[in-house]
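Thanks for coming. I will go through the pockets, the cavity, one sheet and the cysteines, in that order.

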Amino acid sequence: MFDPLYTAEEARAAEAGHDVAELMERAGAAVAREVLQRFPDSRRIAVVCGGGSNGGDGRIAARILREAGRDAVETTAVEQADVIVDALFGTGFRGEPREEAAATIERINAAGAPVVSVDVPSGVDASTGAVAGAAVRAALTVTFHGRKLGLVVAPGLFHTGEVAVADIGLAPVETAHRLVTAEILALVPRKRADDSKYSAGSVLVVGGAPGMTGAVCLAAEAAFRADAGYVTVAVPEPSLPVVEAKLLEPVKLTWADARDAAAKARTLAIGPGLGRDTAAKALRDELIATGEQSLVLDADALHGLEPGNWGARAVLTPHAGELGRLLGEASGWVDEHRLEAAQRCAERFGCVCLLKGADTIVAGPTEGVLVAIAEAPGLATAGTGDVLTGVLAAFLAKGLEPRLAAAAAATAHGLAARSLPQRGLIASDVVSALPGVLG
């Protein structure tokens, strides 16, 4: 259910004790093999090499490509190439490329030919995904032994293209961070013959201020489709007629009844359409301060949130802008430092932080991150975050611990979206697709 994600230091540890020349020969051969398989009609191949071992891998790849009959040369004159092999920087790169290297990277990106990067696209930090300056945009990255963390964390994710993992004869080492696979859904408890609707997972969704009732409806429907047994929604009194008309299966209450309903629920999902007025914040604070329920805090519930003693039972689900406000940073900073931002949030609040995005990052206060890749651009539409909240609430209510529940929810959410046409996808489509991916 998890694949290792290597930092630069962990990659070096895996290589320790091995003959460097032999490893470079295997790595160069792997790159050449991928170029020949993926681009069989290519004749002119420009190989851009740096001075380190990554450049050595590139030179070996060029030699093997020439032996295969290709016109493969080490050069920065890439404009007429059919394929460009980027072997400028490797996993040891950090920071911003120097001026000459940055110009070479820009030349590669402007050439219009597909780029195959060796181990990591040049300019991407292998350990964090950070991009401080110019960085190659690859069509394919051939990485060795295992995926590097920077290949799956944005903005590095958006420079990587397709990833091919090449075995170069190294033994696995323990990694702090891991990539989530679809197998994690096997951990989600199924309903048993002796379950009642309450023991199958009871969820209370709190939000739905006037004008934002759609958010609470989507979250509630998603919780049911994610196999919760009992779902209640609590909304302000003016919103009650709307959710009464929209929702069939959930129980509908007003905020005045939310405190009693919370005592009967296993998970509280607070925030979809909650609003930010005084009454909304007071209700949020009261609900999270008492009881032992698991918590999902999303959207408006994150506004002005301060750490409390509820952290161990909570998952926060911010997007970049919301997380920036929680940390006192700009949303642009979060976009550029997603790994650090998610980890800071988890440490500050003592809880699990699920940072939404194409690379959903799940960080706990004392553990490495889990990364779930959605590969579903259709999720960039209003309401899909509310769907994720409902799925996560259901998985928590079914007994999964917060970190695994968050990773499983992000995976189910992404798989459901991926099973649908991406153009014109709306949030309710994802809700309907959930049973198909949960099986």
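Which helices and strands each supply at least two residues of the lining of the largest pocket? Before I answer, note that this is a predicted model. The elements are α5 (157-160), β7, β8 (177-180), β17 (370-373), α13 (384-397) and α14 (402-418). Among these, α14 gives the largest share, six residues.

The largest pocket holds about 1000 Å³ of space. Its lining has 43 residues, and the closest to the centre are Gly357, Ala358, Ile373, Ala374 and Glu375. By residue class, the lining of the largest pocket has 21 nonpolar, 13 polar and nine charged residues.

Next, the second largest pocket. Its volume is about 360 Å³. There are 24 lining residues here, with Glu15, Ser53, Asn54, Asp57 and Thr91 nearest the centre. Helices α1, α2 (20-38) and α3 (53-67) each contribute at least two residues to the lining of this second pocket. The split for the second largest pocket is 11 nonpolar, nine polar and four charged.

Now the enclosed space. How many cavities of 30 Å³ or more does the structure hold? The count is one, and the largest cavity contains about 60 Å³ of space. Its lining consists of Tyr6, Ala11, Ala14, Glu15, Phe144, His145, Gly146, Lys148, Ile168 and Leu170. Helix α1, residues 8-15, gives the most to that lining, with three residues. Six of the cavity-lining residues are nonpolar, two are polar and two are charged. Glu15 is on this list, and Glu15 is also one of the residues nearest the centre of the second largest pocket. Helix α1 likewise turns up twice, in the lining of the cavity and in that of the second largest pocket.

On to the sheet. Six strands form an open sheet with parallel pairing, in the order β3-β2-β4-β5-β6-β7. The edge strands are β3 (71-74) and β7 (162-166); each has a single partner strand, so one side of each has no neighbour in the sheet. On average, neighbouring strands of this sheet are turned by 20° against each other, ignoring direction. Edge strand β7 is one we have already met, as a contributor to the lining of the largest pocket.

One pairing in detail: β2 (residues 44-49) and β4 (residues 83-87) run parallel and are joined over five bridges. Within that pair, cysteine 49 is placed opposite alanine 87 in β4.

That brings me to the cysteines. How many disulfides does a search of the whole structure find? The result is zero. As a reminder, a disulfide is a covalent bond between the sulfur atoms of two cysteines.

Why is cysteine 345 not bonded to cysteine 353? The cysteine 353 sulfur is the closest cysteine sulfur to that of cysteine 345, but the two are 3.5 Å apart, which is too far for a bond. The cut-off for a disulfide is a sulfur pair within 2.5 Å. Seen from the other end, cysteine 353 is in no disulfide either, and its nearest cysteine sulfur is that of cysteine 345.

Are these two cysteines buried or exposed? Cysteine 345 has 0% relative accessibility, so it counts as buried. Cysteine 353 also counts as buried, with a relative accessibility of 0%.

That is what I have on the pockets, the cavity, the sheet and the cysteines.

Definitions and conventions: Residues are numbered from 1 along each chain as its sequence is written. This is a predicted model: local features need pLDDT of at least 70, side-chain atom pairs count only at pLDDT 80 or more; totals for chains, interfaces and linings use all residues. Side-chain values use heavy atoms; hydrogens and water are left out. On a 1 Å grid over the protein atoms alone, a cavity is a set of points where a 1.4 Å probe fits but cannot get out, and a pocket is an open set with protein on both sides within 12 Å along at least five of seven lines; lining residues have an atom within 4 Å of a point. Grid points are joined across faces, edges and corners, and a volume is the space filled by probe spheres set on the points. Helices (H or I, at least four residues) and strands (E, at least two) are DSSP runs, numbered from the N terminus. Ala, Val, Leu, Ile, Met, Phe, Trp, Tyr, Cys and Pro count as nonpolar, Asp, Glu, Lys and Arg as charged, and the others, Gly among them, as polar. Buried means under 20% relative accessible area, exposed over 50%, partly exposed in between (1.4 Å probe, protein chains only). Two strands pair if DSSP finds at least two bridges between them. Axes are lines fitted to C-alpha atoms, for helices over the stretch in contact, and angles run from 0 to 180 degrees between N-to-C directions.
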